[in-house]
Amino acid sequence: MQSRNYKKSEKYFDISKEYIPGGVNSPVRAARAVHRDPVFIKSGLGSKIFDVDGNEYIDYVCSWGPAILGHAHPYVLEKVKKALKKGLSFGAPTKKEYILAEMINEAMPVMEQVRLVNSGTEATMSAIRLARGYTNKDLILKFTGCYHGHSDGLLVKAGSGVLTEAISSSGGVPNDYAKNTVVADFNDRESVKALFDKYNDKIAAVIVEPVAANMGVIPPKDGFLEFLREITKKNNALLIFDEVITGFRLAKGGACEYFGIKPDLITVGKIVGGGMPLAAYGGKKEIMAKISPLGDVYQAGTLSGNPIATTAGIATLEVLFQNPEIYAHIDENARLLADGIEKIMNEGEKKVHINRVGSLVSIFFTSKNVECYEDVLSCDLDKYASYYSFLRENGIYVAPSQFEALFISNAHRMNDIISTLDVIAEFGGKE
Ligand SMILES: *Cc1c(COP(=O)(O)O)cnc(C)c1O
């Protein structure tokens, strides 16, 4: 159904494949799951991105979350331009590091102290090392379908049944290593209880995406996060909220504020760097004091707290903090989009299931309710692939995978939503 011209993208992809594995620097960009080749992006502005062949798209990937203000936000760009003139990196402290840490603390008071790192992967990996060092225990409990970056111990999903030993889901990760990760089912309290019963005093921490957003968007069931808070406290384990997606998106204070829960450690990324490589982890001073140079848990980074990245992060948070109405705006546009899709696609019979939390939306090609990873597996992936292609040919850029969220930015306008719904209505009519 290809109607657009992708000549340059095709050429660039051929060259990239020669020098970069799969032609991409992060696997999902390759668009293999939807049987397409990627488009190469030339620029972005507001809610739009433009590829190298001159095709225009309304962007619902938003760099996988960071672009909450839309692309090339003038205030953020102006601040970055100013910072560029002063040099790129020093490997010594700069004032901007504490300014950003203070802002993170203001939004998320649980993070009394903050360490800046360069990616969400680093943030979760370091938070887990810290949790192990602080509790003197080895096991980490994670949930099937939750993604916490690509560090060894976190690339693990359950074998059959939650009580079987965890098996690594990536080559190059020794199963011996994966044994320190135990896996429960998201939204399933019994599976968590069973693991605490089995390993009682060996679990250092539970790490969770408070809203699962890496198997498509799945909200926590009522009471699930409260339950995690309780059971970790009872068992002297730390609760880690991985807010790399939800932080500064669901609310100024992220999922903690949205659901009113206080975890022990939080990781943030994506939005906090405003489009630059920056992430952070933090918690109570008493716990953070375990990190070197104060404590014996080692963690470091040549480019951590980089002046350009912190500048982009500070500027982005400034815009969010000074314009709190942004959250109502992105939530409302997400609601209009979700309700519109529901109406178009499910007229007569239920063809899709839509989950939405704030400005995070997923459209699942299944008639079932989607509350856990198993439900996600019931989706019709061929349907998603043709939906992706139809949208792309009509100027709507969504994730090239069923298992991803759709992100709304503050730059999306009502007419973007209406144009998108028009295209989806045309797609629905073809089915
Ligand atoms: C994206 C993501 C990560 C990893 O962040 P990177 O910057 O890609 O390393 C970790 N946790 C969650 C919840 C994420 O969505």
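**Setting values against definitions**

Trainee: What makes the pairing between the side chain of Arg36 and the side chain of Ser389 a polar contact?

Mentor: The two side chains come to 2.8 Å, and a polar contact is a pair of N or O atoms within 3.5 Å, where, within protein, one atom must be able to donate a hydrogen and the other to accept it, and residues adjacent in sequence count only if both atoms are side-chain atoms. This is a predicted model, in which local features need pLDDT of at least 70 and side-chain atom pairs count only at pLDDT 80 or more, while totals for chains, interfaces and linings use all residues. Residues are numbered from 1 along each chain as its sequence is written, and side-chain values use heavy atoms, with hydrogens and water left out.

Trainee: Why does Arg36 get its accessibility class, buried or exposed?

Mentor: Arg36 counts as buried because its relative accessibility is 13%, and buried means under 20% relative accessible area, exposed over 50% and partly exposed in between, with a 1.4 Å probe and protein chains only. Arg36 lies in the loop between helix 1 (7-19) and strand 1 (41-45), where helices (H or I, at least four residues) and strands (E, at least two) are DSSP runs numbered from the N terminus.

Trainee: How do you know which class Ser367 falls into?

Mentor: Ser367 has 48% relative accessibility, so it counts as partly exposed. Ser367 is found in the loop between strand 14 (360-364) and helix 12 (373-376).

Trainee: Why is Asn136 placed in its class, and what is said of its phi?

Mentor: At 69% relative accessibility, Asn136 counts as exposed. Asn136 also has a positive phi of about 60°, although it is not a glycine, and it lies in the loop between helix 4 (120-135) and strand 5 (139-143).

Trainee: What makes the peptide bond from Ser292 to Pro293 cis?

Mentor: Its omega is near 15°, and the bond is listed as cis; Pro293 sits in the loop between helix 9 (285-288) and helix 10.

Trainee: Which atoms of Gly120, Tyr147 and Asp242 lie beside the ligand, and at what distances?

Mentor: A backbone N or O atom of Gly120 lies 2.8 Å from an oxygen atom of the ligand, and a backbone N or O atom of Tyr147 lies 3.4 Å from a nitrogen atom of the ligand. For Asp242, a side-chain N or O atom is 2.7 Å from a ligand nitrogen atom.
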